[in-house]
Amino acid sequence: MPDFTDPAVFPAFYELPSDAEIAAAPPEGMNAASWWMLAQVKVNMTLTKPTLIVTDRRGLDFAVTFEDPAMDLKGYKKGYTLVVPRAQADGPGGGQEGGHAGGGAILQVGTGELKKVIPAKMEHLLELGQVLDIMRGDEAEGKEQKCGACGKTEASLSKCTGCGTVKYCSKECQLKGWSELGHKSNCKSLKAIKTIWPS
């Protein structure tokens, strides 16, 4: 899973490459297939075409318009995080401040382009990313895994059947993790993260 705090992988709106830059070559530090625009949904402003008002990681509000008029934005709820792979700023100047005609900050997403939504606020998504990084690091170093509720390290822990990430030593700990420790709200978000970034 990528590092959500890396601006080369998760650029803010004004850090997005322009369509002209992409045609020439990806900007330095950006792998040709691996940058993602993350933005928290503020409001669905669909009038003539599907449009969301979102906020990037630096606090800039801008519009995301979808060229597909049949795009269904029902699942793109306020507070969720929109994910657009290989997002490009349109027009001269790309995503640079003042680079858009009329000064409006707009990201256009073409028909057929992939886009996802994670049921979590962007701030919470960043926190979950840090937790997943620690868990993967521990696993890679061969450290014993800990129960997500009591913290015990045991050889045989059971994974949550929803997200497949958090592990528990017993049914009691699983119930405690779900109801008291917040896994109920994190489970769908972790599952969405793993669907988009499986490794």
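In the predicted model, N44 touches T51, L52 and L73, when residues up to four places away in sequence are not counted. The residue belongs to strand 1, which spans residues 36-44. A polar contact of 2.7 Å also links the side chain of N44 to that of T46. The separation between N44 and V64 is 20 residues in sequence, and their C-alpha atoms lie 9.8 Å apart in space. The relative accessible area of N44 is 39%; because this value falls between the 20% limit for buried residues and the 50% limit for exposed ones, N44 is classed as partly exposed.

A second strand residue, Q108, is found in strand 5, formed by residues 106-109. Q108 and T65 are separated by 43 residues in sequence, whereas the distance between their C-alpha atoms is 4.9 Å. With a relative accessibility of 38%, Q108 is likewise assigned to the partly exposed class, since that class covers values from 20% to 50%.

The loop between strand 4 (81-85) and strand 5 contains R86. The backbone of R86 has a phi angle near 55°, a positive value in a residue other than glycine. R86 has a relative accessible area of 30% and is therefore partly exposed, being neither under the 20% bound for burial nor over the 50% bound for exposure.

Key:
Residues are numbered from 1 along each chain as its sequence is written. This is a predicted model: local features need pLDDT of at least 70, side-chain atom pairs count only at pLDDT 80 or more; totals for chains, interfaces and linings use all residues. Side-chain values use heavy atoms; hydrogens and water are left out. Helices (H or I, at least four residues) and strands (E, at least two) are DSSP runs, numbered from the N terminus. Buried means under 20% relative accessible area, exposed over 50%, partly exposed in between (1.4 Å probe, protein chains only). Contact means heavy atoms within 4.5 Å. A polar contact is a pair of N or O atoms within 3.5 Å; within protein, one must be able to donate a hydrogen and the other to accept it, and residues adjacent in sequence count only if both atoms are side-chain atoms.
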